[in-house]
Amino acid sequence: MKKNTPDVQGGPASYIGVAVWVMLLVIAASMPWWAERANLRLLAEFFYMLALAQMWNLLAGYGGMLSVGQQAYIGLGGYALVLLGLRAGINPFLVVPLAGLVAGVAALPIGFVVFRLRGAYFAVGTWVVAEVCRLLLANTTSLGGGSGLSVIQAVRDIPSWWREAFTLWMAVGLGGGATLFVYLLLRSRHGLALTAVRDSEQAAESLGISIGRIKWSVYVASAIGCGMTGALIFITKLRVSPEAAFSVDWTVAMFFIVVIGGIGTIEGPIIGAVIYFLLREVLNGFGSWYLIVMGAVAVGFMLWSPKGVWGLLVKKFDLHLFPVQRRLRLNIKKHLGSQ
Amino acid sequence: MTILEVHNLTSFYGDFQALYGIDFQLGEGETVAVIGSNGAGKSTFLRTLAGLLPAAAADNIMLSGVAIGKTPAHRIIGMGLALVPEGRKLFPSLSVEENLMIGAYAGRSGPWNLMRIYELFPVLKQRRNNPATALSGGQQQMVAIGRALMSNPKVLLCDELSLGLAPVVIRDIYEALPGIKAEGISVIVVEQDIGQAMKVADRLYCFQEGRVSLEGKPSDLSRDQISLAYFGV
Amino acid sequence: MTQWINILIQGALLGGLYALLATGLSLSFGIMRMINIAHGDLAILAAYLALAIAEPFGVNPFLTLLVVVPVMAVVGYVFQRTILNRTLGSDILPPLLVTFGVSIIIQNLLLEIFSADTRSLKIGTLSTDSINLIGGIAVGTFPLMVMMTAIGVLGALQCLFSFTKLGRAFRAASDDSETAQLMGINNKHIYGLAMAIAMAVTAIAGIYLAISTNINPAEGSARLIYAFEAVIIGGLGSIWGTLAGGLILGIAQSIGLQFDPGWGILAGHFAFLAVLMLKPNGLFPITRDR
């Protein structure tokens, strides 16, 4: 079929932006050779939180579906690590993509159930599903029951340096990959359809866009991303328990990062993740105050500047590092010439 | 005595400008008709008067000498201006009688009450406890008018009373107009049905693309003049 | 046999508490088409307010209702008018995101102020008293009280909606907020009042909750889920549906508990999911989706 959707144009800022981003990724990837362990861990955490945030943003910011239950897939990823990595003895780093598969498959029946709801009810419905997963696994003694299982055995055979390095590289891969995935998706015609659905379902449907298919695809993609990240997270945490795996705190963090950074943008989660980690470091030692402050900041942004920090920057400087807007440029001369 | 004075009124739907500097007057006890094709801005005009859309400046609209251009809708009804909205817009969760009663929410005193509305539209009395949206189109229109009257307005705005109704029903509705006017209410009627509009109006305005294209007494205006003003061709 | 009747009764009475908890949620959805994710946490907030009064001064928990209910009503009105009214519009995300943020703030504030220790409101022997009916069937006194309160509150709300000017205004604003303005209804104020009433009921639910079990700052989320499930099972926007939903949820949980302690809550979730699959709008839906 001939491609007749308008092309996405980038400006100089976007070329610089992409170049800087790629450079940062390369530097990050080189860190195992020169950085301290604690920093490696922190950076890995940054990147896997970024991955989660991009997945949540895909669902909420672009798909218009607020999910308070993505932790179901993070948890399933963790338990995939238990089953495949610990029990079946597969290399834990290979389990990561497999966990994505598991999560993707699980998303099918789960989606079938939750898509019967809309809006706020969809949100809480996804939460219920995550709770059901948590309770089912807490009642499964063979998988550790309520206190969970340690997965140290699965990673013990891998030398420490390689374990840290692979963890970081996978995290960078997931974080950078999630960003790239969303970016490419939005530049494609599927992305155009997604934006149309988000803006007006009725109008999009009348144009022949299959709402159901789009929402499903986005939901499953997000599940896969969360599943893979979940497996990686528990490689670093070394213990999988229902409480930790299916905790709503994951969604809380994703929510903060995306809302403060800028919902519905690709750059937003990146900035949001930086702010999230900064705030956490600054308010370290004040107990739950960092959550209170972040909550207040997020609410503040939603009320007064719903496009987040990135939105403010865009407004001031008209920046687009990852351009996905389609600007129509009519070729006047061509039109006049053809008359 | 002019009860409603509109001067250089502009109105926007977001970025889209719907009204371009409308000048308009309504005298006490008058019936003024506003005609025009779809999209000419007639409904937007009434909605702006009623306060659902803000005017550019408060004194663009003067009701009995008070500037109401920026006053919100829920306070304008308290000042004596009531709108019978396009499409009736009855409340489905309320019965016929409850719809009428909610019309009196603003608490203005005056000659109109439930009993008088039922005198005006007897068929409603039989259906008073039915859900309002279970009635026929014409009966719903009666409820909508009655609901507006319950607020004891000085100015009544009627947006396309004839919309979707059979000619005989339209006639019945308009036959109630003299009874309404007997209390001294001033009326603006927005109509697609030009014949009906000309029958009831003391004066007539024609809108075209957000501007007044013609104004005058029905008896003074020729068919050609109206055609030109209406279609602009 | 008697055992099963007792389980059913127990579950039904638990349902009364869930119905009370769910009513506030049902109200704010019915009138403002808004789900308040902080709902459960506001119930817990009310409970902690009651604790703050009852414990240091040794006041009877039931007396705290006299203070906490009006305070929460005011909190609800202010919350709606200053924050929530700003989020209302055609987009569904803003109210959800804002109330989610508020939920996090409330939970963590409570954590900071009251610590994570579990607490409860003590009412002495009343909490374990029961009335013995014929045939060995026993009905807990306090749970019965909760159910009576639930029925009373719901009945009062029904009267409010059906017979009063304010109730008509609520229904009109819920049907068509623009046309409601044309009647002279100030939507911002009406929504504030609706939230005030919702919070007053939620305060009662929170205090009763703290009497019947131990609570901690993180309880809000779990309670929100139950409230939500009760509303969905019963049907969106239906007052008595909420009672039915609460009953079904309570009974399901009670039965599940009998089979295995870990399955109590799960049974409730399964009942919810089952209703969702078969009748997504609930058993007695009234509200149209805008």
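In the predicted model, strands β9(B) and β10(B) run antiparallel and are joined by 5 bridges. Within this pair, B:Gln208 stands opposite B:Arg211 of β10(B). The two strands form a hairpin with 2 residues between them, and B:Glu209 in the turn has a positive phi of about 50°.

The hairpin belongs to an open sheet of 6 strands in chain B, ordered β6-β7-β8-β3-β9-β10, with mixed pairing. Its edges are formed by β6 (81-84) and β10 (211-216) of chain B, each of which pairs on one side only. Direction ignored, neighbouring strands of this sheet are turned by 20° against each other on average. Strands of a sheet pair through backbone hydrogen bonds, in either the parallel or the antiparallel sense. An example of parallel pairing is given by β7 (residues 155-159) and β8 (residues 186-191) of chain B, which are linked over 5 bridges. Here B:Val187 in β8(B) is the bridge partner of B:Leu156.

Helices of chain B also lie across strands of the sheet. Helix α1 (residues 42-50) of chain B lies across β3 (31-35), β6, β7, β8 and β9 (203-208) of that chain, and runs at about 150° to β7(B). Helix α10 (residues 223-231) of chain B lies across β3, β9 and β10 of chain B, at about 40° to β9(B). Strands β3 and β9 of chain B are thus crossed by α1(B) and also by α10(B).

Chain A contains 16 helices and 2 strands. Of its 339 residues, 47% are buried. Among contacts in chain A between residues at least 6 apart in sequence, 78% join residues at least 24 apart.

Two helices of chain A were examined for length. Helix α2 (residues 37-62) of chain A has 26 residues and, at 1.5 Å a residue, should span 38 Å; the distance of 36 Å between its end C-alpha atoms agrees with this. A kink of about 25° in α2(A) is centred on A:Trp56. Just after this helix, A:Gly64 takes a positive phi of about 70°. Helix α14 (residues 289-304) of chain A has 16 residues and reaches 22 Å from its first C-alpha to its last, close to the 22 Å expected at 1.5 Å a residue.

The buried residues of α14(A) are A:Leu291, A:Ile292, A:Met294, A:Gly295, A:Ala298, A:Val299, A:Phe301 and A:Met302. An α-helix has 3.6 residues a turn, so residues three or four places apart point the same way. The buried residues of α14(A) pack against α12 (249-261), α13 (267-282) and α15 (308-317) of chain A, together with α4 of chain C. The packing of α14(A) therefore involves elements of chain A as well as a helix of chain C.

Chain C contains 11 helices and 2 strands. From the N terminus on, its elements run α-α-α-α-β-β-α-α-α-α-α-α-α. A compact globule of 290 residues would have a radius of gyration near 19 Å, and the 19 Å of chain C agrees with this. Taken along the principal axes, the C-alpha atoms of chain C fill a box of roughly 60 × 45 × 35 Å. Buried residues account for 57% of the 290 residues in this chain. Among contacts in chain C between residues at least 6 apart in sequence, 74% join residues at least 24 apart.

Of the 2 pairs of chains in contact, chains A and C share the most contacts. In this interface, 32 residues of chain C are in contact with 34 residues of chain A. On the side of chain C that touches chain A, the elements giving two or more residues are α3 (61-87), α4 (93-114), α9 (219-234) and α11 (263-278) of chain C. Helix α4(C) gives the most to this side, with 14 residues. Helix α4 of chain C is also among the elements against which the buried residues of α14(A) pack.

Between chains C and B, 16 residues of chain C are in contact with 20 residues of chain B. The elements of chain C that give two or more residues to the side touching chain B are α6 (165-175) and α7 (177-182). Helix α6(C) gives the most, with 7 residues. No contact joins chain A and chain B, and their closest C-alpha atoms lie 16 Å apart.

Note on methods. Residues numbered from 1 in each chain as written. Chains lettered and ligands numbered in written order. Predicted model: local features only at pLDDT ≥ 70, side-chain atom pairs only at ≥ 80, totals over all residues. Contact = placed C-beta atoms within 7 Å. Pairing = 2+ DSSP bridges. Helix = DSSP H or I, 4+ residues; strand = E, 2+ residues; numbered from the N terminus. Axes fitted to C-alpha atoms, helices over the stretch in contact; angles between N-to-C directions. Rg over C-alpha atoms; globule rule 2.2 N^0.38 Å. Buried ≥ 20, exposed ≤ 12 C-beta atoms within 10 Å, placed from the backbone. Expected span 1.5 Å × (residues − 1). Bend = angle between axes of the 7 residues up to and from the residue.
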